[in-house]
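Student: Please take one part of this model and go through it closely, strand by strand and then residue by residue. I would like the terms defined as they come up.

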Amino acid sequence: MEKIIKVLVDDGHEVHLVCKGKEGLPVFEDEGGLKIHRIRSTPIPGLSAVSRLLSAPLPVNPYWYAKALGAFRRGRVERLIVRDLPLALLAGILGKRLHIPVFFDMAENYPAALVAYNKRIYKPFLMGNGWLPRQYEKLSLRYMEHVFVVAEEQVERLANAGLDRNRISVVMNTPDVEYYEDCVRQQRNTPSEPGRLNLLYIGKVDAHRGVALLVRAMPRIGERHPAAILRIVGDGLEKKALEKLATELGVADRIIFHGWVNFDKVPGFISRSTVCFIPHLRSEHTETTVPNKIFDYMAFAKPVVVSDCAPLARIVSETQCGRVFRSGDAEDLAKEVLILLEDPNREAIGANGSKAVVERFHWRRDAAVFLARLKSGRQGVARSV
């Protein structure tokens, strides 16, 4: 959302951000082009649970409805942009009340994501394979002027569900080219590790992300390339299990679990890497979304190995920036990694990714699409969100 806010402010619009309040933060801040309205209920003595419920950004929360309505009226808002599904219906109802268009920034296939994440806290609300959130999404979409998605495959999903294609645009979370060019320049003096093959995964360490496949592939990779080291940067529910698996497979000395790191450290890890991974398991969720880390890897001209989730396979195939393996197949993953490591054109393959980012997969292009669609939605100037 930060990138969208910056694009709007830089384009001369006044942005009103309505968000959940936190203890110690003011309920309103004026940062020039950005006005922040934080919704936080007044503590009720002896009823702390009720206070927390009133502050929760739920689609049927009348307290949120009243506070957001007041903020939008005071700001004379002309456009509403809602980020992701939980508040989509509330935004839609507010847009109808205020007679202004609502734009849905759909970062992922939310119903499928809830199923894939498999968290106990919301399992009772899924009703099988996500029936309830799918119905909620279908209802919310009726209120939307336009929907922004991150993958062509998501366009197909929504179109097949009956949404007019003319009301859907692809706006990916692509990198800021200038930022990564600066990062590349800064990393040029990073000490290298002669003879070391750094294999890199960055992201959450959860079951549906397929990180276990990387661990299972290391014995075969290590047989041919003893100097290969797998670095896993991130944390999650599966971390301890993967550390145990690495020990059982005899590759604990070839895998480094770095845990969470500050974002400013990430460019250094990518810069020192040889090959980068996205091993996600295929599911309805991963078949309709694009993890933005692929563009981060590509921006640094690093060849990638990805699973055959449709969006990932499409991008790698179109740009020729790496290899694709069968989802869930550690042997096939190891095979593709070895092919890439032993390819004399490996650096050129990585350069293909960098070229694609400069020419196509960059934020300036996606921001232009976003602004054009926002301004075309009914008469008036887009000045608020």
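Tutor: A polar contact is a pair of N or O atoms within 3.5 Å; within protein, one must be able to donate a hydrogen and the other to accept it, and residues adjacent in sequence count only if both atoms are side-chain atoms. One such pair joins the backbone oxygen of Glu 108 to a polar atom of the side chain of Gln 154, at 3.5 Å. The model is predicted, so local features need pLDDT of at least 70 and side-chain atom pairs pLDDT 80 or more, while totals for chains, interfaces and linings use all residues. Numbering starts from 1 along each chain as its sequence is written, and side-chain values use heavy atoms, leaving out hydrogens and water.

Gln 154 belongs to helix 8, residues 152-160 (helices, H or I, of at least four residues and strands, E, of at least two are DSSP runs numbered from the N terminus). Gln 154 counts as buried because its relative accessibility is 1% (buried is under 20%, exposed over 50%, partly exposed in between, with a 1.4 Å probe and protein chains only).

Now the sheet. Four strands make up an open sheet with parallel pairing, in the order 4-5-6-7 (a pair needs at least two DSSP bridges). The edges are strand 4 (80-83) and strand 7 (168-170); each has a single partner strand, so one side of each lacks a neighbour in the sheet. From one strand to the next, the twist averages 20° (axes are lines fitted to C-alpha atoms, for helices over the stretch in contact, and angles run from 0 to 180 degrees between N-to-C directions).

At the strand 4 edge, the partner is strand 5, residues 102-105, which runs parallel to strand 4 and is joined to it by four bridges. Within this pair, Arg 83 of the model faces Asp 105 in strand 5.

Beyond strand 4, a loop leads to helix 4 (88-98), and Asp 84 is found in that loop. Asp 84 has a phi near 70°, which is positive although the residue is not glycine. Asp 84 is classed as buried because its relative accessible area is 15%.

The loop between helix 4 and strand 5 holds His 99. Its phi is near 60°, again a positive value in a residue other than glycine. His 99, however, is exposed because its relative accessible area is 68%.
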